[in-house]
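Hello,

Here is the structure I promised to pass on. Please have a look at it first, and then read my notes below.

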Amino acid sequence: MLFHYSANACLLPICSLYGAAVTTVEGVGSTKTRVHPVQERLAKCHGSQCGFCTPGMVMSIYTLLRNHPEPTSEQMIAALAGNLCRCTGYRPILDACKTFCKESICCQRKTNEKCCLDQEDDLFDKEEKVSTRLFSTDEFQPLDPTQELIFPPELMRMAENQPKRTLFFHGERMTWISPVSLDELLDLKAAYPKAPLLVGNTSVAPLLVSSACNPHNLSLVKDILTNAMAEFPEEKTKVFSAVLQQLRTLGGEQIRNIASLGGNIISRKSTSDLNPILAASNCMLNLASRGRKQQIPLSDIFADEVGNNTITPEEILVSVHIPHSRKGEYVSAFRQAPRRENALPVTNAGMRVLFEEGTDTIKDLSIFYGGAVSTTVCAKQTCRILIGRHWNKQMLDEACRLVLKEIALPGSDNGEKVDYKKTLIVSFFYRFFLEVSQSLKTMDPCHYPGIPMEYRSVLQDFKTKMPQSIQIYQDTELSQSPQDPVGRPIMHQSGIKHATGEAIYVDDLPSVDGELFLAVVTSSRAHAKIVSIDTSEALKGPGVFDIVTAHDVPATNEFYYSNDPEIIFARNKVICVGQIVCAVVADSDDHAKQAAAKVKIEYEVLEPVILTIEEAIQHNSFFEPKRKLEQGNVDRAFETVDNIIEGEIRIGGQEHFYIETQSVLVVPKGEDNEMDVYVSTQHPAIIQEMVAASLGVPANRIMCHVKRVGGAFGGKLLKAGLLASVAAVAANKTSRAVRLILSRGDDMLITGGRHPFIGKYKVGFMNDGRIRAVDAKYYINGGCTPDESVLVAEVSLLKMDNAYKIPNLRCWAYACKTNLPSNTAFRGFGFPQSALVTETWITGVADKIGLSPEKIREINMYKENEQTHFKQKLDPQNLIRCWNECMEKSAYYSRKTAVNEFNKQNHWKKKGIAIVPMKFPFGLGKRYLSQAAALVHIYTDGSVLLTHGGIEMGQGIHTKMIQVASRELNIPMSCIHFCETSTTTVPNACASVGSAGTDVNGMAVKDACQTLLKRLQPIINKNPKGTWNDWIKEAFEQSVSLSATGYFRGYNENMDWEKGEGQPFTYFLYGAACSEVEINCLTGDHKNLRTDIVMDIGCSINPAVDIGQIEGAFVQGIGLYTMEELKYSPEGVLYTRGPDQYKIPAVCDIPEQFSVSLLSSSQNPYAIYASKGIGEAGLFLGCSVFFALRDAVTRVRNERGLKKTFALNSPLTAEQIRASCADDFTEMVIGSWEEGSV
């Protein structure tokens, strides 16, 4: 029997693969052989943007199709639960998946261009020619299982014929042994009791013993239990059902495929979702050692609450006995995690009760919790006391108080809040109480009342379903030439290569002769003097070549772009944890990292250590200048208003989490100080400038090359320059090529992200909802160096009005200087924070005067040609159109009524709905920042080579530039090639930031193409019926230059901060989003039910790319506002240093219904082909989910009579939602309801 398993390569020791056939993405299909249907459909459905995560998506889907050629949508969703994508928002990936599913997916059968899911007759304007098709299924090759790779016959023969033999693998630091029998394994464990038995995950030790006794991985356990559920009556399968429930969300399929049940048990980790339920269910462990067998209850290994010595080092866990449930026995499992799937739990539980026959008297009770302390714990005293009690409200109250007393939680650890865990402990027991009460009623309705109807919905956990989606955009005119690609949903030029693994990123570049690997050594102190650096042990390490410090920098080590420097290597002191102190170069990545860990640095702590915004305010620690904008007479306005509210909101930072970490390869050329720098960056020119300055050579000796970037979002600018300089200094010192690829943990530690933000506001308004005055202060945590912080503060001021006319306004912005890694540019650049503050006080005004938030928004929205608070003219006609269309397409009012109805009928689950408008100004503030150049060559065979200064990081800029050149030169896109962005072809290019890439580079490409066409025109006029190739040949023979540069001077933007006025922006994008959510009041968990977005992006150059950008940004916004939480120790050490602790949205987090409409008939005279720059704007619309959650929480509080105003901060995590839904359980934990609600 053949099984296909998807697996994470990093978790799969190569020694464990003996006898297995390994298929990688390159083996599935390639452009040289045949592109597999999975690869083709992912690319053609636009499921790839930056492309770095695409091979993983391909392998997950491919594996599923090998096992189930016609999968259900549930199987497909489960297969992708372990994959992450930071670019797409998952919708186009799921579109590709749907094409393989056997059941018809509703939204693929559109009748009369209407989505059959949508009940509204007015989804489309009858006048407009709109389209909802971003790809055509007719183009897809069919999936033919007979054409798949076969299992290698030699492995088959080996498995059948060869006698099994013990395998030994000897490595540099360990030995791996794979025994062939249980007896041999027991002998080995007797000889080497400390050697770990490895099944699944890796562990570093001198000797590893791998079990060849075919232990069951968790996927097999899941299948066995599923089959048992079908085979036995329900009464006997309650334990199986509870274990299965935990298995469905434990890791992703890739982890379940290699993780073992035994490993889960023996490791005794508190984060195991299985151990509490297995222990509570009286599962038995069968153990063996040489000459001895024993059977013990699984609960015994948790008897002393720290994991005792019940199992000796020589013993092997041979099997686990999972019992049938009995009559009158009820079993349940619970968990709450930062993300519903593929996330370690905050707290989990397993509970079992057995009643005296035919009664509700407790005969046996078992309660185990995990996630709370260092291992799984049993509430045994509580259970003992409750035996003999009736299953009623009195028992419930006593149980909750007993269990809180018994399960002692340590103080705050790793930034986690103990109160939330305690609340979950009692909330889980209450949920168990409800489940059992309802089951008792089902068994004997006469004796047991069950639970009220409005309580029942909480017994159902949120499930992930295949989302339904629709995308609406304006079709091209019939008069447009079929060859003209502008306005059409063209596939990303590298899409197929992304899907086949042939797309080259920095770390895919082949190794250079003599190449060295670099590992950085970072500071472990937030603010300290460096007393000494001891590198002696590190230099003795195998393969170590050299160590590089500030003393090795030939020229500039500190870059003064403002008063405070950006620093390559710390010299005498460190100013944050994660600052680079020195670097090790060695012959392999492993050797470099091992040596880096041996560098000893002695510190002398300096005062003060400033980590938070509050501490920066206290110490008056700011980057200059502080900025202020004012209009009207704020103080007088406050005297005349009917009401005033004051408040503050905190917004946490956000990690870029680009899937490709910071990467650079520096190759010295060997003469004239020349160097090639291959780097993952948004700004090759700044890399060139910084590397040249650090080495003390002219910029013309440094050649920067960028083929593509695996995601950036603002995080690959200045930091990429500093890291490239580190590698360049090492390459200069060693005269060798140097490769630096940061691990995810180091990347998150070193680089900083979106600025944490505190907004303080005072708002004056009239009883009818008109806002008359706002006084606000914004504080952003800039970190230890200036980076872009002052600019982010400025933009937060300029964009703070969002969609509203505020007649009297005073606003300050301060960039705080702290001892954290410096924060930097991030998609939206200050707007997502300051506009959230604005929307928060909008809802505060609504709460105060009893109007709905959407009414307050409508009353105060820009209505006619007006001026912004910095005196720039504005025509808000499309803002109003977006708002009205979003209202209509989302059926807002009828759904709001339905939400009210749902909330009346449900006590522990509540829904919320919100609609938010957006005005997003486009511009970089100064003309020189938006200049651009392009270089176009036409070769004598008629092919065209195009290059420009823009960087491809997933946003499809090269695809759009080829579309522009295709239209201008009137030739097919297939004739045009883009090679790379390089400082050798386009010098001094501006950064690809601020949504401006297509706008500015498009103008430059157009200019170059028009120059060439002008030169060709006389030849075309002479031979109008000739072909393109005829004209090019003739031009060459007439000595007409077939190469041209194009140039765009940039937008005429300016801002005078002294006067507080200017024209810092060129135009405005508009949008609106309506989101609906459902929350679980007992856990704080939520589900995104539906989102409708309407965006004005002018005339889209490529609707598939633009809609992908809107959706990807929106889902990143969901992350910012509801999930992604950075946690630091009191000493400034980042705890959340990887996907284990830091959760970005996954497939389970996107709305179940997701609609994006591009506003039709919108023109933008300022940009290429009347388009608009789209990359950033959609992120802010993610806050519609934040306000829908706020709406749901408000409804809970109103129902419970909690009148006190409450503040919700961002991210609005499950923890905050649970605390705000105050009830008896939060009261037990925290004190009073009102304390628990703030």
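Lys-628, Glu-630, Asp-635, Asp-775 and Arg-810 are joined to one another in a network of salt bridges. Please keep in mind while you look at them that this is a predicted model. In general, side chains of opposite charge can pair when their charged atoms come close. The structure as a whole holds 62 salt bridges, and three further pairs seemed worth pointing out to you.

Start with Asp-1085 and Arg-340, whose side chains meet in a salt bridge with 3.4 Å from N to O. Asp-1085 sits in the loop between strand E41 (1067-1080) and strand E42 (1086-1096), and Arg-340 in the loop between strand E9 (329-336) and strand E10 (347-355), so this pair ties together parts that lie 745 residues apart in sequence. Are these two residues buried or exposed? Asp-1085 has a relative accessible area of 17%, so it counts as buried. Arg-340 is buried as well, because its relative accessible area is 12%. The cut-off for buried is under 20%.

The second pair is Glu-515 with Arg-739, where the closest N and O atoms of the salt bridge are 2.6 Å apart. Glu-515 belongs to the loop between helix H16 (495-500) and strand E14 (516-522), while Arg-739 is part of strand E27 (residues 738-741), so the bridge ties together parts 224 residues apart in sequence. Both Glu-515 and Arg-739 are buried.

The third is Lys-733 with Asp-552, a salt bridge between side chains at 3.2 Å, N to O. This pair also links distant parts of the chain, 181 residues apart: Lys-733 is in helix H22 (residues 718-734), and Asp-552 is in the loop between strand E16 (544-548) and strand E17 (558-559). Here Lys-733 is partly exposed, with a relative accessible area of 33%. Asp-552 has 21% relative accessibility, so it counts as partly exposed too.

Now to the helices. The axes of helix H30 (residues 997-1022) and helix H31 (residues 1028-1037) come within 10 Å and cross at roughly 115°, which means that H30 is roughly perpendicular to H31. The crossing of H30 past H31 is right-handed. On the H30 side, Leu-1016, Ile-1019 and Ile-1020 make the contact, and H31 brings Trp-1028, Trp-1031, Ile-1032, Glu-1034 and Ala-1035. What kinds of residues make up this contact of H30 with H31? There are 7 nonpolar residues, no polar ones and 1 charged.

Helix H5 (residues 91-98) is another one to find on your screen, as it is mostly covered, with 8 of its 8 residues buried. Those buried residues of H5 are Arg-91, Pro-92, Ile-93, Leu-94, Asp-95, Ala-96, Cys-97 and Lys-98. What do they pack against? Their partners are helix H2 (37-44), helix H3 (54-67), helix H4 (73-79), strand E13 (468-474), helix H32 (1103-1122) and strand E43 (1153-1158).

Last, a single residue: Tyr-455, in the loop between helix H15 (418-443) and E13. Leaving aside neighbours within four places in sequence, Tyr-455 is in contact with Tyr-430, Leu-434, His-907 and Trp-908. From Tyr-455 to Thr-72 it is 31 Å in space, C-alpha to C-alpha, and 383 residues in sequence.

Happy exploring, and best wishes!

Definitions and conventions: Residues are numbered from 1 along each chain as its sequence is written. This is a predicted model: local features need pLDDT of at least 70, side-chain atom pairs count only at pLDDT 80 or more; totals for chains, interfaces and linings use all residues. Side-chain values use heavy atoms; hydrogens and water are left out. Axes are lines fitted to C-alpha atoms, for helices over the stretch in contact, and angles run from 0 to 180 degrees between N-to-C directions. Helices (H or I, at least four residues) and strands (E, at least two) are DSSP runs, numbered from the N terminus. Angles under 35 degrees count as roughly parallel, over 145 as roughly antiparallel, 65 to 115 as roughly perpendicular and the rest as oblique. A crossing is left-handed if the near helix is turned anticlockwise from the far one by less than a right angle, and right-handed if clockwise. Contact means heavy atoms within 4.5 Å. Ala, Val, Leu, Ile, Met, Phe, Trp, Tyr, Cys and Pro count as nonpolar, Asp, Glu, Lys and Arg as charged, and the others, Gly among them, as polar. A salt bridge is a side-chain nitrogen of Lys or Arg within 4 Å of a carboxyl oxygen of Asp or Glu. Buried means under 20% relative accessible area, exposed over 50%, partly exposed in between (1.4 Å probe, protein chains only).
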